[in-house]
Amino acid sequence: MEMKAMLEMGYSKTAVAHRLKVNHRTVTRWLKEGTETKTRKPLRKKLDPYKVVIRARLETHPDLSAQRLHEEVKVDGYDGCYSQLVALVQTLRKPSEEPEPVIRFETAAGDPAQLDFGTFHTPWGKRHALVVVLVCSYLQWFEFCPNPTMEVVMRGLEKAFDYFGGVPTETLFDQMKSVVIGDHREKGGNLLLNETFQQFARHWNFNIRACRPYRAQIKPRSNEFESLKRGVNSVGC
């Protein structure tokens with residue numbers, strides 16, 4: 001036996017245990033019982049003979065589903081469980097493309113501002129609020145209003161400019177119909193703005209900037225309404 005031969009050659013119990021990849025207590029027990037358990041070999045899995053084929057299929061056709069591969073290897077004789085094949089496919093499949101990074105705005109003081117409407121559910125019913133935020137400083141102006149109309153937006157901006165003590169060089173809007181008539185930039189087209197509101201912007205000398213459709217994550221302060229709602233609800237307004 002290998003253990004007996006090693007001990008006769010002068011190996012310590014610890015060295016024997018390390019060589020046989022067992023605990024030193026196991027060596028002591030073997031000596032006491034006069035037995036030696038053979039080192040176990042790794043078990044051969046049913047899926048092992050098919051790994052080369054599965055890897056080649058995924059390299060040629062990366063979009064093949066695990067279900068389709070399972071059907072193919074079953075025809076070749078595989079009778080193992082489906083979950084083992086799924087686990088193998090997950091390790092072999094190439095990682096998906098990285099998601100589009102979120103754009104972070106770095107802005108100077110007073111440039112730009114962000115405007116949007118928020119909806120608040122109070123004990124007295126639903127209320128709207130117009131919120132204007134200076135992106136750089138977090139300074140906010142807001143006012144409750146009956147409806148999110150263009151007149152409300154223009155009147156609210158004038159009050160916000162007075163509150164801030166100046167006019168930002170540009171104001172960022174969501175896709176609100178009172179400002180943005182249509183947005184075809186995703187298809188290579190143009191941004192269509194309300195002509196009356198453009199005249200208002202020219203009068204106050206600020207640029208209109210609109211978020212692209214379905215990409216609200218590029219807003220610089222997209223969580224302002226949530227913090228504002230918590231503050232309003234905490235005082236019961």
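Contact here means heavy atoms within 4.5 Å. By that rule, residues 24 or more positions apart account for 54% of the contacts in the protein with a separation of 6 or more. The model is predicted: local features need pLDDT of at least 70, side-chain atom pairs count only at pLDDT 80 or more, and totals for chains, interfaces and linings use all residues. Residues are numbered from 1 along each chain as its sequence is written, and side-chain values use heavy atoms, with hydrogens and water left out.

The protein has nine helices and seven strands; these are DSSP runs numbered from the N terminus, with at least four residues of H or I for a helix and at least two of E for a strand. Of its 237 residues, 34% are buried, where buried means under 20% relative accessible area, exposed over 50% and partly exposed in between (1.4 Å probe, protein chains only). The exposed surface is about 16,100 Å², of which carbon and sulfur atoms supply 51%. Accessible areas come from the Shrake-Rupley method with a 1.4 Å probe, and for residues only the protein chains shown count as cover.

Five strands form an open sheet in the order β3-β2-β1-β4-β7, with mixed pairing. Its edges are β3 (140–145) and β7 (207–210); each has a single partner strand, so one side of each lacks a neighbour in the sheet. From one strand to the next the twist averages 30°. Two strands pair if DSSP finds at least two bridges between them. Axes are lines fitted to C-alpha atoms, for helices over the stretch in contact, and angles run from 0 to 180 degrees between N-to-C directions.

Strand β2 (residues 125–134) takes part in two antiparallel pairings. With β1 it shares 10 bridges, and the two strands form a hairpin with two residues between them. Across this pairing, phenylalanine 120 stands opposite arginine 127 in β2. With β3, strand β2 pairs over six bridges. Here leucine 130 has glutamate 143 as its bridge partner in β3, and valine 131 stands opposite phenylalanine 142. The β2–β3 hairpin has five residues between the strands, and tyrosine 138 in this hairpin takes a positive phi near 70°. Seven of the 10 residues of β2 are buried, so the strand is largely enclosed by the rest of the structure. Helix α7 (residues 150–164) lies across β1 (113–122), β2, β3 and β4 (170–173), and runs at about 145° to β3.

Side chains of opposite charge can pair when their charged atoms come close. Taking a salt bridge as a side-chain nitrogen of Lys or Arg within 4 Å of a carboxyl oxygen of Asp or Glu, the count is seven. One of them joins aspartate 79 and lysine 46, at 3.8 Å from N to O. Aspartate 79 lies in the loop between α5 (66–75) and α6 (82–92), and lysine 46 in the loop between α3 (24–33) and α4 (51–60), so the pair ties together parts that are 33 residues apart in sequence. Aspartate 79 is exposed, at 58% relative accessible area. Another salt bridge links lysine 51 to aspartate 48 at 3.2 Å; lysine 51 is partly exposed at 30%, as is aspartate 48 at 26%.

Within the sheet, glutamate 170 forms a salt bridge with arginine 209, their closest N and O atoms being 3.1 Å apart. Glutamate 170 belongs to β4 and arginine 209 to β7, so this pair ties together parts 39 residues apart in sequence. Glutamate 170 is buried, at 17% relative accessibility, whereas arginine 209 is partly exposed at 35%. Salt bridges that share partners also join Arg57, Arg68 and Glu72 into one network.
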